[in-house]
Amino acid sequence: MRNKQYDFRTGFIDLLLSCFAAIVVLFIISTALINPTRVVKQEGVRKDAEYVIEINWPQNIDCDVDLWVMDPAKNTVSYQRKDAGLMHLERDDLGYANDQAREGQVVYKSKFNGEITTIRGLVPGRYSVSVHLFNCRLGGRELKPGSPMILPVAVKITKLNPNLLIVHESTVEFQKIWEEIPVISWTMNELGYPIDWDTTPRKLIKIQKNTGMS
């Protein structure tokens with residue numbers, strides 16, 4: 001009698017089981033690739049920027065907050081100058097003034113109050129971010145500079161390439177209109193990564209003296 005350990009049918013069955021297992025594995029892999037929600041992206045979301053600096057504030061408050069960013073060459077981007085060096089302010093958000101559209105008798109409002117500045121190249125050196133509460137309206141009436149206004153503003157800085165990385169998140173709170181709050185300064189190294197964070201940076205704009213504020 002032949003030893004069953006060397007029966008060719010055992011090897012054939014093993015071969016069939018191995019082929020079946022391989023088919024199952026290939027099916028799982030192909031299914032994962034087809035489903036985009038399972039794909040882990042290794043690259044940044046945008047191709048036209050290296051960093052995105054964004055601010056946002058509550059949608060139900062009609063205020064105009066301005067984002068100011070300065071690069072190592074002392075170029076400053078804001079609503080006054082939307083392009084400087086390799087920086088670009090994508091939108092000057094004025095509050096409700098440019099956050100709504102009318103269609104007949106229906107008024108549609110944006111759900112987003114915020115501004116975004118992009119850095120489109122890696123220039124090593126010191127960067128600074130500041131926010132300024134330009135004005136607010138209450139019941140359609142514009143409030144005067146110096147008027148009390150409690151307004152939280154969220155700030156986020158994201159490095160996009162080669163992988164999306166949130167490098168800073170914070171929330172500052174305004175106490176009055178026309179106030180400027182320096183948010184953060186940091187140094188970009190030769191590889192484009194942020195180092196040497198400073199949460200007590202200097203202001204980027206000169207507050208008007210006739211308002212009695214500094």
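Let's start with one pairing: Trp68 has Ser130 in strand S9 as its bridge partner. Hold on to that pair, and we'll build the picture around it.

First, some ground rules. This is a predicted model, where local features need pLDDT of at least 70, side-chain atom pairs count only at pLDDT 80 or more, and totals for chains, interfaces and linings use all residues. Residues are numbered from 1 along each chain as its sequence is written, and side-chain values use heavy atoms, with hydrogens and water left out.

A word on confidence. pLDDT is the predictor's confidence in each residue, from 0 to 100. For the protein chain the mean is 79, and 66% of the residues reach 70 or more. Over residues 29–44, pLDDT stays under 50, and the model has 13 contacts there beyond four places in sequence; a contact means heavy atoms within 4.5 Å. Residues 207–214 also stay under 50, with 15 such contacts. Where pLDDT is low, the predicted coordinates should not be read in detail.

Now the overall layout. The protein chain has 1 helix and 14 strands. Helices (H or I, at least four residues) and strands (E, at least two) are DSSP runs, numbered from the N terminus. Buried residues make up 38% of the 214 residues, where buried means under 20% relative accessible area, exposed over 50%, and partly exposed in between, using a 1.4 Å probe and protein chains only. Among contacts between residues at least 6 apart in sequence, 67% join residues at least 24 apart.

Back to our opening pair, and to the strand that holds Trp68. How many bridges join S2 to S9? There are 8, and the two strands run antiparallel. Two strands count as paired if DSSP finds at least two bridges between them. S2 also pairs with strand S3 (residues 76–77) in the antiparallel sense, over 2 bridges, and there Met70 stands opposite Thr76. The hairpin of S2 and S3 has 5 residues between the strands, and in it Lys74 takes a positive phi near 70°.

Is S2 enclosed or open? It is largely enclosed by the rest of the structure, because 8 of its 8 residues are buried. Cys63, Val65, Leu67 and Val69 point one way from S2, while Asp64, Asp66, Trp68 and Met70 point the other way, and all are buried.

Let's follow one of those residues, Cys63. A search of the whole structure finds 1 disulfide, meaning a pair of cysteine sulfur atoms within 2.5 Å. Which residues does it join? Cys63 and Cys136, with 2.0 Å from S to S. The pair links distant parts of the chain, 73 residues apart: Cys63 sits in S2 (residues 63–70) and Cys136 in S9 (residues 125–138). The link is right-handed, with 110° about the S-S bond. Cys63 is buried, at a relative accessible area of 0%, and Cys136 is buried at 0% as well.

Next, the core. In soluble globular proteins, nonpolar side chains tend to be buried together. The largest nonpolar core here has 34 residues, and those with the most contacts inside it are Val65, Val129, Val131, Leu133, Leu151 and Trp186. Strands S1 (51–57), S2, S5 (87–89), S9, S11 (148–159), S12 (165–176) and S13 each supply at least two residues of this core. By nonpolar core I mean a set of buried Ala, Val, Leu, Ile, Met, Phe, Trp, Tyr and Cys residues joined through side-chain atoms within 4.5 Å. Val65 is worth finding on your screen: leaving aside neighbours within four places in sequence, its contacts include Ile55, Trp57, Val131, Leu133, Leu151 and Phe174.

Now look at a sheet. 6 strands form an open sheet in the order S4-S5-S8-S1-S11-S12, with antiparallel pairing. Its edge strands are S4 (83–84) and S12, each pairing on one side only. S11 and S12 pair over 10 bridges, and one of the partnerships puts Lys156 with Glu169 in S12.

Moving on from S12, where is Trp178? It lies in the loop between S12 and S13. Trp178 is buried, with a relative accessible area of 12%.

Last stop: strand S13 (residues 180–188) and strand S14 (residues 194–198) run antiparallel and are joined by 3 bridges. Ser185 has Asp198 in S14 as its bridge partner. Their hairpin has 5 residues between the strands, and Gly192 takes a positive phi near 90° there. Thanks for listening!
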